[in-house]
Amino acid sequence: MKQIIAWIAAVTLLTAAAPGGEVCHWYMKRNREHRQPVAESQMAFVDQYGGVYVDKAVQESGEKVLYLTFDAGYENGNIARILDILKEKLVPAAFFVLGHLVSAETPLVMRMAQEGHLVCNHTFSHRNMAKATPEEFRAELVRLEQCYREATGLELAKFYRPPEGTFSKCNLETAQQMGYSTVFWSFAYADWDNNKQPSRADAIEKMKTYTHNGAVLLLHPTSKTNADVLGEMIDYWRSEGYTFGTLQTLCERNKAEP
């Protein structure tokens, strides 16, 4: 029932007007058969603008690969724990960061890059970008680029994730013009509320149930539960034959798809 309600809400959002075009909210129907989810028909235009949410190439090749991505807005002790686990397990990841994290936790953000992870654009202030004009959209992404450059001396990786998964066609087109690939996801769960964390058992059950080949996993690294279970899940995924890929590989392979 919850999935049906969420789907209705997503379709309703698609009809709302915004300065940059229709307001869309990313949503996918999960399945328990470990098959790749398919985006709703209303979301088909995402491919036209270089958006990615799953590695479609593995359906042909059979290669077993997952992509770990994290949306990071602030530090509460768990981001550092996540980085420790990724370093120990030798797993690459992508972190979509906000301006606050870059400014307040510069050494932590630098550590992400120094340990081989991608530091990517989640906008400067986490505003609803579907309601932004192209000029406002560019300003948000550029402001984070400048913040990151000034704080670290480094350049953000050219991957963008819409805050709250809310976006418009115009957003995708503008991001593409700016050299960005827009990265959605094929697995996420309710892990973001630190006052209402899922149990360890529930988190593990959901991740195992909905793992599928080519998955782009969205996790929040501020989640204590995610920090508690990540090492165990990495070991489990590897025992199932999965490797961990990078967003560069994902986007290149997706680009090659007809």
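## Exercises on a predicted chain

Cys120 has a relative accessibility of 0%, so Cys120 counts as buried (under 20% relative accessible area; exposed is over 50%, partly exposed in between, with a 1.4 Å probe and protein chains only). The model is predicted: local features need pLDDT of at least 70, side-chain atom pairs count only at pLDDT 80 or more, and totals for chains, interfaces and linings use all residues. Residues are numbered from 1 along each chain as its sequence is written, and side-chain values use heavy atoms, with hydrogens and water left out.

**Exercise 1. Work out how many disulfides the structure holds, and check Cys24 and Cys120.**

Step 1. Set the criterion: a disulfide is a pair of cysteine sulfur atoms within 2.5 Å.

Step 2. Take Cys24. Its closest cysteine sulfur is in Cys170, 12 Å away, which is too far for a bond. Cys24 counts as buried because its relative accessibility is 1%.

Step 3. Take Cys120. The nearest cysteine sulfur belongs to Cys251, at 9.4 Å, and Cys120 is in no disulfide.

Result: the structure holds zero disulfides.

**Exercise 2. Compare the radius of gyration of the chain with that of a compact globule.**

Step 1. Use the rule: 2.2 Å times the number of residues to the power 0.38, with the radius taken over C-alpha atoms.

Step 2. For 258 residues the rule gives a value near 18 Å; the chain has 17 Å, so the two agree.

Step 3. Add the extents. The C-alpha trace spans about 45 × 40 × 40 Å along its principal axes.

Step 4. Add burial. Of the 258 residues, 53% are buried.

Step 5. Look at contacts (heavy atoms within 4.5 Å). Of those between residues at least 6 apart in sequence, 73% join residues at least 24 apart.

**Exercise 3. Place two non-glycine residues with positive phi in the fold.**

Step 1. List the elements. The chain has 10 helices and nine strands. These are DSSP runs numbered from the N terminus: helices are H or I, at least four residues, and strands are E, at least two.

Step 2. Take Thr123. Its phi is positive, about 80 degrees, although Thr123 is not a glycine. Thr123 sits in the loop between strand S4 (118-121) and helix H6 (134-152). Thr123 is buried, at a relative accessible area of 0%.

Step 3. Take Glu164. Its phi is also positive, near 60 degrees. The loop between strand S5 (159-160) and strand S6 (166-167) holds Glu164.
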